[in-house]
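Please walk through the model below. The paragraphs after it take up one region at a time.

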Amino acid sequence: MQERARDVGPWSLEKLAYLKDYLVEFAKVSQSTRAATYLDLCAGPGQDRNRDNYAEIIDGSPLIALSNYPKIQRYIFIEQEPRNVESLRETIRERGYQQIRTLQVIPGDCNLVIDEALAAIPSYAPSFAFVDPAGLEIKWQTIQKIATVPGRRRRIEQFVLFPLDMALIRFFLHEGDISDVWGSQVIQRIDELMPDKFRWRWIFKERQSGSLSSTETRRRLAYLYYRGFYLLGYKHVLQPKLVVRPDGHPLYLLLFATDHEPGMRIMDYVLHVKPRLDKPIPLFRVESFEFGDEDTWYGPAGEPIELPGS
Ligand SMILES: C[S@@+](CC[C@H](N)C(=O)[O-])C[C@H]1O[C@@H](n2cnc3c(N)ncnc32)[C@H](O)[C@@H]1O
């Protein structure tokens with residue numbers, strides 16, 4: 001049998017535990033519409049294996065979502081890697097889910113096939129998108145398309161991994177030019193990842209000049225991303241949850257944006273309140289990313305800011 005599961009750190013189990021807890025409640029509150037939709041932009045092969053314990057193979061995000069069928073009615077899984085697409089399809093067959101006529105696997109880059117995916121979602125369907133990249137892959141334009149589908153009563157809600165420490169911050173050199181060291185395509189990817197092209201550069205320059213601490217640099221980058229969801233028009237954007245390794249090293253932030261107040265309350269409970277002691281996952285240290293409504297350094301909403309020294 002082909003090796004199908006993807007090796008993951010134990011922190012991925014934490015992320016999937018949040019997804020699972022939320023989707024159970026999302027399914028309950030949405031079931032009466034008979035149209036609830038789950039969209040996965042980075043679906044993976046269907047199963048994950050804990051790299052700290054090879055015997056532990058768990059369902060990945062698509063299978064977690066499918067366990068809520070038929071309360072959640074429609075499934076759209078996007079995956080770029082052909083081997084993962086094949087594994088995902090095999091796992092779906094094995095579990096008997098291929099019978100679901102409203103299940104669709106779309107192979108390809110989610111940034112390119114997103115329009116096709118969004119066109120398949122009925123405008124009246126309560127809809128949830130899980131955006132779970134491994135690095136800088138997700139373009140803000142894709143997040144924006146999901147948030148601004150015309151003719152919808154309620155925006156598609158989004159649960160998004162922002163790869164702050166596991167990817168973005170690694171490119172923030174203490175000195176020198178990012179493009180000299182990493183190549184100009186990295187700049188372009190960061191430009192595409194972030195809600196605007198200006199503020200992250202400003203933060204980068206301030207960091208290099210020594211006027212921002214590492215913590216303040218990270219907090220500001222997180223704030224830019226978080227603020228981006230408000231600018232897209234979401235009514236509720238939760239304070240981000242920072243996921244860290246068991247040794248305390250920070251990895252990524254989880255953000256949730258929705259127009260649906262009950263959804264906001266449920267995810268707030270899942271991410272920030274519910275005790276995790278019942279879960280077979282290590283206890284993680286939680287760092288708070290508390291933001292106010294306004295940050296004085298941010299500048300006028302949506303406006304390019306003046307870059308120091310530019
Ligand atoms: C962190 S894994 C996601 C795992 C999955 N959500 C799970 O629970 O097992 C990221 C996945 O996204 C896929 N991927 C990366 N870039 C992508 C893109 N632009 N479009 C679609 N899939 C992508 C990778 O091949 C990988 O399978």
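R189 is partly exposed because 19 other C-beta atoms lie within 10 Å of its own; by the same count a residue is buried at 20 or more and exposed at 12 or fewer, partly exposed in between, with C-beta atoms placed from the backbone. R189 sits in helix 7 (residues 184-193). Helices (H or I, at least four residues) and strands (E, at least two) are DSSP runs, numbered from the N terminus. From R189 to I138 the distance is 8.8 Å, C-alpha to C-alpha, although 51 residues separate them in sequence.

This is a predicted model, in which local features need pLDDT of at least 70, side-chain atom pairs count only at pLDDT 80 or more, and totals for chains, interfaces and linings use all residues. Residues are numbered from 1 along each chain as its sequence is written. The pLDDT is the predictor's confidence in each residue, from 0 to 100. The protein chain averages 88, and 88% of the residues score at least 70. Over residues 280-284 the pLDDT is below 50, and this stretch has 13 contacts in the model beyond near neighbours in sequence. Two residues are in contact if their C-beta atoms, placed from the backbone, lie within 7 Å.

Helix 7 also belongs to the surroundings of helix 8 (residues 199-208): what covers the buried residues of helix 8 includes helix 7 and helix 9 (214-231). Those buried residues are R199, W200, W202, I203, F204 and R207. An α-helix has 3.6 residues a turn, so residues three or four places apart point the same way. After helix 8 comes G210, with a positive phi near 90°.

Another residue to look at is R154, in the loop between helix 5 and strand 8 (157-162). R154 is partly exposed because 15 other C-beta atoms lie within 10 Å. Leaving out residues up to four places away in sequence, R154 touches P126, D259 and H260. The C-alpha atoms of R154 and Y124 are 7.9 Å apart, with these positions 30 residues apart along the chain.

Helix 5 (residues 140-147) packs with helix 4: their axes come within 9 Å and cross at roughly 10°. That angle makes helix 4 roughly parallel to helix 5, a term for angles under 35 degrees, whereas those over 145 count as roughly antiparallel, 65 to 115 as roughly perpendicular and the rest as oblique. Axes are lines fitted to C-alpha atoms, for helices over the stretch in contact, and angles run from 0 to 180 degrees between N-to-C directions. On the helix 4 side C110, N111, I114 and L118 meet T142, K145 and I146 of helix 5. The residues of this contact divide into four nonpolar, two polar and one charged. Here Ala, Val, Leu, Ile, Met, Phe, Trp, Tyr, Cys and Pro count as nonpolar, Asp, Glu, Lys and Arg as charged, and the others, Gly among them, as polar.

Helix 4 (110-119) and strand 5 each supply at least two residues of the shell around the ligand. The ligand is surrounded by 20 residues, the closest being C42, G44, G60, S61 and Q80; a residue is near a molecule if its C-beta atom, placed from the backbone, lies within 6 Å of it. By class the shell has seven nonpolar, six polar and seven charged residues.

Two backbone details remain. P70 lies in the loop between helix 2 (61-66) and strand 5 (74-79), and the peptide bond from Y69 to P70 is cis, with omega near 5°. R34, in the loop between helix 1 (10-30) and strand 2 (37-40), has a positive phi near 55° though it is not a glycine. R34 is exposed because 11 other C-beta atoms lie within 10 Å.
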